[in-house]
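Here are some short exercises to help you find your way around a new structure. Try each task yourself, then read the worked solution.

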Amino acid sequence: MAADDFLERLRREGRIVIVGASLAGLRAAETLRDEGFEGLLTMIGDEPYEPYDRPPLSKSVLLGNASPKHTELPRRRSVEAKWRLGVAATGLDMAAKRVLLADGDEVEYDRLLIATGVRARPWPNAAEAELDGVFVLRTRDDAAGLQRRLTDSPRRVFVIGAGFTGSEIASACRARDLPVTVAERADAPLVGALGGVVGAVAAELHRENGVDLRTGVMVTSLEGDSAGRVRAAHLSDGSTVETDVVVVSLGATRNTEWLAGSGLGAGPRGIACDAGCRAFDFRGIVTDDIFVAGDVARSPHPLFGYQFLSLEHWGNAVTQAEVAAHNMISASTDRRPHMWVPAFWSSQFGVNIKSVGVPSMGEEILITQGALAERRFTAAYGYQGRVIGAVTFDNARWLQFYQGLIETAAPFPPTFRTVDRRPEGRQPVPADFPDPSLPTHGPTVTLSGYSPADRRLVFKPAHS
């Protein structure tokens, strides 16, 4: 058999394992089959459900407009896979090419895709986190439990963290006419993702819609009653809020612990990979048979100074999974880079918020269309003299134009003149992002440095 024929057969017929029955995992599996992979495909997921859509969980599900059971992702085609659901991956033996499972089983692979995503960061006090009425929101089961409790008309919902998810939860509560208090340690909602200028608008939205918004404070403890039910939250300013439902929205933790000791360049910031989605080992050397996609990945992006970005974006999970799947079964000369421009959307208090690029890199901001006071505007973010991101409030028709500015490294402030109602002489102002050493709740893009591996990692082989 000719060498080319052998390589082609290996690419098309081997064993591929996808760890993560997620949006990224499903789209990768579909792409593999679309592009001709005919071998054994195994899907491993720690939840008992086939892949489902997460954005509706904090929106239509909490509003009572959809059932958590009806959030399954639509299938573009049959993936003809062996599904191992409800069992978590607990380890990786790179030398033997095996994924270790929680039930003691092992799954062998020729190529591996890791799409394990993130999980909700829990309340740090374990005893308080176990109180009846304390929730996080990430999974289908989380949403089902919280929806049931909201349906019971609690006296007050207390949300810890005013990032995108926390703000959407507060919005859903107010739409159900439930009293809600939101505590945020920053000066306003969304400041970690969009900065203080836009955060001030978000704060006004909260308060105008009846949210008791507490900013510049931290929750010091949660108090339960004698029956183990949450009854109050204590804040750093000395105040106490009585509540019977607490939703902890403190951001996400990347699911990489199961890779400890494997030799991959994996850690709290995610799994480092190259632009073709190939994972780095702990020494910063790229692997040829392990790929990464979705929220758990850290990949370099040339539009943003080759920073390694971790993106918690729906669109990124899809496009990165498609690139990873293509590259897994392609010759090196046919592989593609993952060049997706980050994009994100949120709906809260009747306002549609969309962004492109990486606003959190911005040093300055300029309102280029509309007006902050009207809650209908477009804002461009500048970094070192170029457009780095943009956000719109109920003005999304302009977003594609700004994406073009980002892709072409257009100068900041923008020089175009086709803006509506732009006051004469308006100048950029500081974007007012918080000190990055003091993390805020819920950023969707994380700049994680330039190095593909953390030099502090110590690798100890799992097998001698």
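**Exercise 1.** Are F164 and F344 buried or exposed, and what kind of aromatic pair do their rings form?

*Solution.* This is a predicted model, so treat each value below as computed from it. Start with the surroundings: F164 is buried, and F344 is too. Next, look at the rings of F164 and F344, whose centres are 4.4 Å apart with planes at 55°. Planes under 30 degrees apart would count as stacked and over 60 as edge-to-face, so the angle of 55° makes this pair tilted. Finally, place the two residues: F164 belongs to helix α5 (residues 164-175) and F344 to strand β24 (residues 343-348), so their pairing ties together parts that are 180 residues apart in sequence. The structure holds six aromatic pairs.

**Exercise 2.** Find the charged side chains that sit over the rings of W345 and Y49.

*Solution.* Begin at W345: the charged end of K59 sits over its ring, 4.6 Å from the centre. Then move to Y49, where R140 lies over the face at 3.7 Å from the ring centre.

**Exercise 3.** Which residues touch the most other members of the largest nonpolar core, and which helix gives the most to this core?

*Solution.* The largest nonpolar core has 70 residues, and L194, Y381 and F393 touch the most other members. Helix α6 (residues 191-208) gives the most, with nine residues. A second, separate core has 26 residues, including I16, L23, L113 and V318.

**Exercise 4.** Work out the order of the open sheet that holds β13, β14 and β15.

*Solution.* Take the pairs in turn. Strands β13 and β14 are antiparallel and share five bridges, with L222 opposite A233 in β14. Strand β14 (residues 230-235) also runs antiparallel to β15, joined by three bridges, and here H234 stands opposite T240 in β15. Put together, the three strands have the order β13-β14-β15. The edge strands are β13 (219-224) and β15 (240-242), each pairing on one side only. From one strand to the next, the twist averages 20°. One last detail is in the hairpin of β13 and β14: five residues lie between the strands, and G228 takes a positive phi near 80°.

**Exercise 5.** In which sense do β1 and β2 pair, and how many residues of β2 are buried?

*Solution.* Strand β1 (residues 15-19) pairs with β2 in the parallel sense, over five bridges. One example is V17, whose bridge partner in β2 is T42. Strand β2 (residues 40-45) is mostly covered, as five of its six residues are buried.

**Exercise 6.** Decide whether H301 and A396 are buried, partly exposed or exposed.

*Solution.* The cut-offs are under 20% relative accessible area for buried and over 50% for exposed, with partly exposed in between. H301 has 4%, so H301 is buried. This residue is in strand β22 (residues 297-301). Leaving aside residues up to four places away in sequence, H301 touches Y306, Q307, L309, M339, W340 and V341. A396 has 29%, so A396 is partly exposed. Its place is the loop between β28 (386-393) and α8 (399-407). Although A396 and K354 are 42 residues apart in sequence, their C-alpha atoms are 6.6 Å apart in space.

Notes:
Residues numbered from 1 in each chain as written. Heavy atoms only, no water. Core = buried A, V, L, I, M, F, W, Y, C linked by side-chain atoms within 4.5 Å. Buried < 20%, exposed > 50% of the residue type's maximum accessible area, 1.4 Å probe, protein only. Helix = DSSP H or I, 4+ residues; strand = E, 2+ residues; numbered from the N terminus. Pairing = 2+ DSSP bridges. Axes fitted to C-alpha atoms, helices over the stretch in contact; angles between N-to-C directions. Contact = heavy atoms within 4.5 Å. Phe/Tyr/Trp six-rings, centres within 6.5 Å; stacked < 30°, edge-to-face > 60°. Lys NZ or Arg CZ within 6 Å of the ring centre and 35° of its normal.
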